[in-house]
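Here are a few exercises to warm up on before you set up anything heavier. Have a go at each task, then check the worked solution.

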Amino acid sequence: MRRDQFQSPLYDSIHKHIRYSLAKEYDALSPRDVFHGVALAVRDRLVDTMLATEARYRKAKVKRLYYLSIEYLIGRSLSNNIINLGLMDEVRQILDDMGLNLDQVLSEENDAGLGNGGLGRLAVCFLDSLATLDMPAIGYGINYEYGLFKQEITNGYQKEKPDNWMANGTPWEIVRPEEVCYIPLYGKIDHAQDRKGGYNPMWLDWKLLVGVPHDVPISGYGGRTVNTLRLFTARASNEFDIRIFNEGDYIRAVKQKIETESISKVLYPSDAVRSGRELRLVQEYFMVACAVRDIVHRYLRDHDTFDAFSEEVAIHLNDTHPALTVPELMRVFVDENELSWEFAWELTRSTLGYTNHTLMPEALEKWPVSLMEYVLPRHLQIIYEINQRFLQQASAKWRFDSARIRNVSIVEEGEQKLIRMANLAMVGCHSVNGVSALHSDLITKKMAPDFFALWPEIFNNKTNGVTPRRWLKLANPHFSKIITEAIGDDWVTDLTQLRKLENYADDNGFQQDFLQAKRVNKERLTRIIRDTTCVIVDPDSLFDVQVKRIHEYKRQLLNLLRIIHEYLRIVQDNIEPSHPRTCIFAGKAAPGYATAKNIIKLINNVAQVVNNDPKCKGLLKVVFLPDYRVSLAERIIPAADLSEQVSTAGMEASGTGNMKFTINGALTIGTLDGANIEILQEVGEENIYIFGLTASEIEEMRLSKSCDPIEMLKEHPDLKRVVDTLSSELFSPGEPGLFNWVRNNLTEHGDYYMHLADMPSYIQAQDHAGSEYRNKPLWSRKAILNVARSGKFSSDRTIREYAKEIWGINPCPAENIMALD
């Protein structure tokens, strides 16, 4: 490694950390060493601003948001931080002078394994926007040692490997051992009385957990504000361990320590067995209890009473996982601070907000009462009391309607009593929002119509958004440069500025620049595909991309059935597609979700046949990229020509992948589901390929049972031919019957996700897209207009709406504090 020529304070800081933090000699550095040196130097700057930001908030006595999420899908942090701090050119020059490539050093960082999919990625986009907008906020979550899993593909099957993302350490976390939280768990309730003879339940014999905070600086664009993401690691209580050791039971003491620390060991432990379900419940409570403890501690530093609590504190629940915040906040108010129930409930409801992210019944968490009583006996008592008081209120409105009372009850009666966490959240929060216009409408009409009838004023919509800093400026630097040269760089913090690109949609020079930037991205992805899968693809082909969690409702199977249809047209009918196409899949299936894992196997088997058939050479390729993650998405999305958003209408809450593709100039082919509807409204129907049944049409067909898959196959021989291949050995040579499950699901089991019903219009829309792709001026015009009209889908807009309409928080920029001085 050659000696540097360029010197600056950042250069000095990097070299200081290489020597004194890493204890490395300059001439013996690996790229990973350099990554850590650069990251620590950048962290120094973040810490300075983070401390100044906190001091600014405290001086201004601002109301602050506390955001609770079980996931934060951060990805790599160094690249995002140097973009936000405006250090990209300086870091690049320093590394160039060291004889290192910036991309090589950035690639040394592991994706942080703190999330799984859209829920966690949205949370991080929100944190980015909060800091960029100078909004006072703290995120709370769990510091998972292991992420969901690393996905490998063996013989076409998904294999899960441990994702020990912190194996080489992380430079971003700041441990705060002096601020640990002590959390009670398990135990029993002593039904005692107070000195006045009133009921005074005592939670006794609990096990004590310790939550150790790790702070991650979250930089806003421009470097003015750095907020904090506080992640908690579970540790055993020292006192508890010492007592066991003193009793001489060393093995039991070690076992107790291991069991305790497993709470923050892995994201989403399997809930197929009771121990897994118990661990997931404990994880959710651990996060909630640590967060509430920290929030209350912060508030009481400056207050002697709770009178101003809801005026200075807004707590938001990102889906149902943090719903235990409702009884935990009540417990802290009533049990620990002796507030009256009525005042505590008023504070709790006025402080809490809840975002619902799904209508899927299996995702609306329900916990067995027996498990809740074992793990959290006091919280179960509080939930029962909340429910009793709430049902009294509901009964006053629906005195003779027992069905409605049952629907809204937090406790689901039955052979096994269950606690409905979504109902708990709706009862305990002053605001309930969905994440797209359709989704929010379906919440009030399908998921919670009785709650809507009772409290219509608490329901609202906040359409999701994505941060343009990571998903356009960072992920697509070539296109970003072209945009900035055309309209300036205000779009980075005001995405509506992209509307100015409409003036360039018909400009031949700008179209050529756009196509060239797309070509660069496609060539980069081509190399990744080659290196990862050994498949050679043509960057001049249409890149048709579906990358997301594998699930039946997201309908990777629909896409695959169409690919098989295209393949059969080529090899049996001698009909070539209008343009060569590369179909790219990526995504993980939950380890216990057999159908999703079988879809991955089918994709890989179809790819094996198609890619090795000489008749398809130069016409069709199929690729599955393993281990989908943020850093891979940053390479795939800018390279996409066509974005597959084909979920069964009415089942996708919003989607944010669709937005990321749109702002990067991919055209959408999709159903009228989630935020696709709003993308259609923004970009215009001529610039998007919409197909399929609507949510209301699907609901009507399901109720009337008017869609007969067998009849569909009789009416459409081309569909029957596709389905028949899955009962043959065409895609499973030597393994007869391997994919019979597909035919069974589509025919005998009623095709719940409407693959066959939507297939004819899907094929038609795909043919239309393929035909238009051949016309480069037409396609580039449509793509540029998609980008120009995507301003609504910035998470900055979403956060402003939350801040104004739910949280009641305001920006606190540095200049405001200077004015106070």
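The exercises below start with the overall fold and then move to one pocket of this predicted model.

**Exercise 1.** Work out how compact the protein is for its length.

*Solution.*
- Step 1: count the secondary structure, which gives 34 helices and 23 strands.
- Step 2: get the radius of gyration, 27 Å, and put it beside the 28 Å that the globule rule gives for 821 residues. The two values are close, so the protein is as compact as a globular protein of that length.
- Step 3: add the extents of the C-alpha trace, about 90 × 75 × 60 Å along the principal axes.

**Exercise 2.** Find what share of the residues is buried, and what share of the accessible surface belongs to carbon and sulfur atoms.

*Solution.*
- Step 1: take buried as under 20% relative accessible area. With that cut-off, 61% of the 821 residues are buried.
- Step 2: turn to the accessible surface, which comes to about 32,400 Å². Carbon and sulfur atoms own 49% of that area.

**Exercise 3.** Describe the second largest pocket: its volume, its lining and the element that gives the most to that lining.

*Solution.*
- Step 1: the volume is about 1,200 Å³.
- Step 2: list the lining, which has 41 residues, with Asp103, Leu474, Pro477, Arg524 and Arg635 nearest the centre.
- Step 3: assign elements. Those giving two or more residues include helix 5 (102-106), helix 19 (468-474) and helix 24 (630-636). Helix 21 gives the most, seven residues.
- Step 4: sort by class, and you get 17 nonpolar, 11 polar and 13 charged residues.

Methods:
Residues numbered from 1 in each chain as written. Predicted model: local features only at pLDDT ≥ 70, side-chain atom pairs only at ≥ 80, totals over all residues. Heavy atoms only, no water. 1 Å grid on protein atoms, 1.4 Å probe; cavity = no way out; pocket = protein on both sides within 12 Å on 5 of 7 lines; lining within 4 Å. Points joined across faces, edges and corners; volume = space filled by probe spheres on them. Helix = DSSP H or I, 4+ residues; strand = E, 2+ residues; numbered from the N terminus. Nonpolar A, V, L, I, M, F, W, Y, C, P; charged D, E, K, R; others polar. Rg over C-alpha atoms; globule rule 2.2 N^0.38 Å. Buried < 20%, exposed > 50% of the residue type's maximum accessible area, 1.4 Å probe, protein only. Areas by Shrake-Rupley, 256 points an atom, 1.4 Å probe, with all protein chains shown as cover.
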